Amino acid sequence: MSPASYQTLVDRCWRRSGSLLYRPNQRDACCPHYTIRLDSDRFRTNRDQRQAVNRFNKYVIGDAYAKEAARLYPKSREQARKRDTEFDLVERIHECETPLLKQPPEPSHAFTVTLEPDDFTEEKFRVFENYQQVVHQESPSSISRDGFRRFLCASPLRRETYTAPDGRERQLGSYHQCYRLDGQLVAMGVLDLLPDCVSAVYFLYHESIHKFSPGKLGALREIALAIEGGYRWWYPGFYIHTCPKMRYKIDFSPQQILDPDNLDWIELTQDTIGKFDDHGYLDLGNTDEDTNENSSPAGDTVATETEDPKDEVSNEDAESEEAPLFKSNMPGLTSVEKMKLVDLDHTNVRLNQGYCYAGDLFQWHSESIENEGSAKAMVAEMVAMVGPDLIHNVCLDFTRS
């Protein structure tokens with residue numbers, strides 16, 4: 001899949017877990033998932049975020065280096081004044097990286113951050129294993145190399161280089177942003193770099209750096225990447241208001257939230273956040289009404305984004321999934337009436353023998369998309385989910401077992 005195609009889906013409430021792409025039904029969920037994004041051009045750090053960056057930089061560099069470097073490489077009065085009065089995120093986030101430090105003297109620690117292919121390595125797995133056990137309290141027997149590969153090393157996105165309208169080149173595709181302290185991998189951000197955003201998939205770290213607020217530092221570095229790489233937007237993943245582990249996402253502002261009904265972006269204000277407390281699914285286009293659709297009762301189990309959606313389906317859920325999508329209440333789904341006007345016959349199909357059109361393969365010309373369970377109905381549901389305007393980007397692949 002091209003990064004541009006995935007960007008379009010992300011802007012339509014889709015996300016991925018490994019190679020699986022999924023789109024939740026916010027209206028029918030006890031804990032609705034909302035797509036949010038931050039405009040890096042307008043981002044301003046708060047005091048807590050600045051302190052986290054400065055505290056980590058000070059630890060890496062060390063007092064001895066700071067004093068000697070100040071003597072050897074003194075700043076001008078203007079440079080010193082600017083540093084004391086302004087906090088440049090991109091400048092500060094790179095300040096302690098060993099390759100960028102003037103030497104001598106030697107800093108207290110060696111620190112590097114590299115953007116690497118999302119390949120499996122034992123080094124990465126060891127940090128993942130520690131993170132899952134310490135932070136998510138998972139048992140060692142439930143953590144496997146194959147699970148790690150499927151979850152964080154298997155992306156459907158191809159890597160490519162994109163030339164933006166301003167002439168700058170951007171890396172696109174799925175990557176691991178690896179943080180190494182004194183030669184040891186201590187944290188890793190799993191990122192999808194798309195034409196207009198840095199999309200955060202997952203962030204993990206070793207317990208040895210927990211005191212430095214690594215999650216906060218990772219988010220700030222990803223925002224800095226959006227700024228310096230020209231991607232502009234930072235997507236921190238789904239926001240689930242009822243999940244305490246996801247509240248940190250709205251500590252970075254200003255952000256926008258995607259209205260699942262009409263796919264418009266709306267400013268995520270404190271007033272809007274407050275209304276989530278009284279709603280299950282919040283109608284973002286009409287938040288003044290006292291609607292309380294599918295509000296989550298106290299005590300409901302809240303799924304976090306770290307879980308694989310394939311594992312969240314119970315037996316009862318599996319039965320409900322058999323119901324036709326067009327009879328669901330999913331927001332933003334293209335209606336049956338509109339889908340009847342879409343040319344489904346020319347949907348691309350891939351077979352072992354080559355390619356053909358769905359209409360030629362299924363011979364469904366006399367069928368209706370309202371014929372539940374038919375091939376035409378199922379293809380219509382899929383196209384309604386991604387959007388009829390993307391039908392020529394869709395291919396039904398029957399070559400896989």
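# Cavities, cores and ring pairs in a predicted model

The count of cavities of 30 Å³ or more comes to three. The structure described here is a predicted model. The largest cavity has a volume of about 170 Å³. It is lined by 17 residues, and those closest to its centre are Phe56, Phe111, Tyr179, Leu217 and Arg221. By residue class, this lining of the largest cavity comprises 13 nonpolar, two polar and two charged residues. Helix 2 (47–61), helix 5 (89–93), strand 7 (184–194) and helix 8 (214–228) each contribute at least two residues to the lining of the largest cavity. Helix 8 gives the most, with four residues.

The second largest pocket has a volume of about 960 Å³. Its lining consists of 28 residues, of which Ile61, Lys75, Arg83, Glu95 and Leu101 are the closest to the centre. Helix 2, helix 3 (63–72), helix 4 (77–85) and helix 5 each supply at least two residues of this pocket lining. The lining of the second largest pocket divides into eleven nonpolar, five polar and twelve charged residues. The table sets out the two linings.

| Space | Volume | Nonpolar residues | Polar residues | Charged residues |
|---|---|---|---|---|
| Largest cavity | about 170 Å³ | 13 | two | two |
| Second largest pocket | about 960 Å³ | eleven | five | twelve |

Helix 2, which supplies residues to the lining of the largest cavity and to that of the second largest pocket, also contains Gln49. Gln49 has a relative accessibility of 2% and therefore counts as buried. Leaving aside residues up to four places away in sequence, Gln49 touches Phe43, Arg44, Lys216, Leu220, Asp251 and Phe252.

Nonpolar side chains in soluble globular proteins tend to be buried together. In this model, the largest nonpolar core holds 56 residues, and Phe128 and Tyr202 touch the most other members. Another core lies apart from it and has 24 residues, including Leu9, Val336, Val342 and Val379.

Ala380 belongs to helix 13 (residues 375–386). Its relative accessibility is 0%, so Ala380 counts as buried. The contacts of Ala380, not counting residues up to four places away in sequence, are with Phe326, Met339, Leu344 and Ile369. Ala380 and Tyr162 are 218 residues apart along the chain, and their C-alpha atoms are separated by 32 Å.

Aromatic pairs number 21 in the structure. In one of them, the ring centres of Tyr235 and Trp265 are 5.9 Å apart and the planes stand at 85 degrees; because planes over 60 degrees apart count as edge-to-face, the pair falls in that class. This pair links distant parts of the chain, with Tyr235 in strand 9 (residues 233–235) and Trp265 in strand 12 (residues 265–267), 30 residues apart. Tyr235 is buried, at a relative accessible area of 1%, whereas Trp265 is partly exposed at 22% relative accessibility. The cut-off that separates these two states is 20% relative accessible area.

Ring pairs also join Tyr131, Phe151, Tyr179, Tyr202, Phe203 and Tyr205 into a cluster. Two members of this cluster appear elsewhere in the description: Tyr179 is among the residues closest to the centre of the largest cavity, and Tyr202 is one of the residues that touch the most other members of the largest nonpolar core.

Methods
Residues numbered from 1 in each chain as written. Predicted model: local features only at pLDDT ≥ 70, side-chain atom pairs only at ≥ 80, totals over all residues. Heavy atoms only, no water. Core = buried A, V, L, I, M, F, W, Y, C linked by side-chain atoms within 4.5 Å. Buried < 20%, exposed > 50% of the residue type's maximum accessible area, 1.4 Å probe, protein only. 1 Å grid on protein atoms, 1.4 Å probe; cavity = no way out; pocket = protein on both sides within 12 Å on 5 of 7 lines; lining within 4 Å. Points joined across faces, edges and corners; volume = space filled by probe spheres on them. Nonpolar A, V, L, I, M, F, W, Y, C, P; charged D, E, K, R; others polar. Contact = heavy atoms within 4.5 Å. Phe/Tyr/Trp six-rings, centres within 6.5 Å; stacked < 30°, edge-to-face > 60°.
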